[in-house]
Amino acid sequence: MPKFVGQTDGFNARVLLNTVLNVTILSICLSIIGSWVGEGKISLKPIQNLFYIWPRNFAIAFWIELLIAQPIARFAMKKLHQSQRAKANA
């Protein structure tokens, strides 16, 4: 992350870049591993077909992360910090 993020970049830019990088790595790994699990054997076929199967997996994972997972995680962290702040102030 430090190679891509500057000192003046905002929180939203950092979160979006973090999401893109995480989804990219996970979608590549899971495209290969998921194929191995689905086929029940380890072969080179998923690696050879990676550029055909990966874009769809990336797009699905990216939009799920952006529209569902991140908002839920941010809401949960906001509530957790609010309760911790309330306990510290009490």
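In this tour, Ala, Val, Leu, Ile, Met, Phe, Trp, Tyr, Cys and Pro count as nonpolar, Asp, Glu, Lys and Arg as charged, and the others, Gly among them, as polar. Keep in mind that the model on your screen is predicted.

**Stop 1: the largest pocket.** Select N22, V23, L26, S27, L30, N57, I60, A61 and E65, and you have the lining of the largest pocket. By class, that lining splits into 5 nonpolar, 3 polar and 1 charged residues. The pocket has a volume of about 150 Å³.

Now color the helices. Which of them each supply at least two residues of this lining? They are α1 (11-39) and α3 (50-89). The largest share, 5 residues, comes from α1.

**Stop 2: a nonpolar patch.** Keep I60 from the pocket lining and add W63, I64, L67, I68 and I72: these six names make up a nonpolar patch on the surface. Together they show about 630 Å² of accessible area. Zoom in on W63, which sits in helix α3. Its relative accessible area is 49%, so W63 counts as partly exposed, since exposed would require over 50%.

**Stop 3: the salt bridge.** Side chains of opposite charge can pair when their charged atoms come close. How many salt bridges does the structure hold? There is 1. To see it, select K45 and E39, whose closest N and O atoms are 3.6 Å apart. Try a surface view here: K45 is partly exposed at 47% relative accessibility, and E39 is partly exposed too, at 34%.

Technical notes
Residues numbered from 1 in each chain as written. Predicted model: local features only at pLDDT ≥ 70, side-chain atom pairs only at ≥ 80, totals over all residues. Heavy atoms only, no water. 1 Å grid on protein atoms, 1.4 Å probe; cavity = no way out; pocket = protein on both sides within 12 Å on 5 of 7 lines; lining within 4 Å. Points joined across faces, edges and corners; volume = space filled by probe spheres on them. Helix = DSSP H or I, 4+ residues; strand = E, 2+ residues; numbered from the N terminus. Patch = residues over 30% accessible without salt bridge, like charges linked within 9 Å, V, L, I, M, F, W, Y side chains within 5 Å. Areas by Shrake-Rupley, 256 points an atom, 1.4 Å probe, with all protein chains shown as cover. Salt bridge = Lys/Arg side-chain N within 4 Å of Asp/Glu carboxyl O. Buried < 20%, exposed > 50% of the residue type's maximum accessible area, 1.4 Å probe, protein only.
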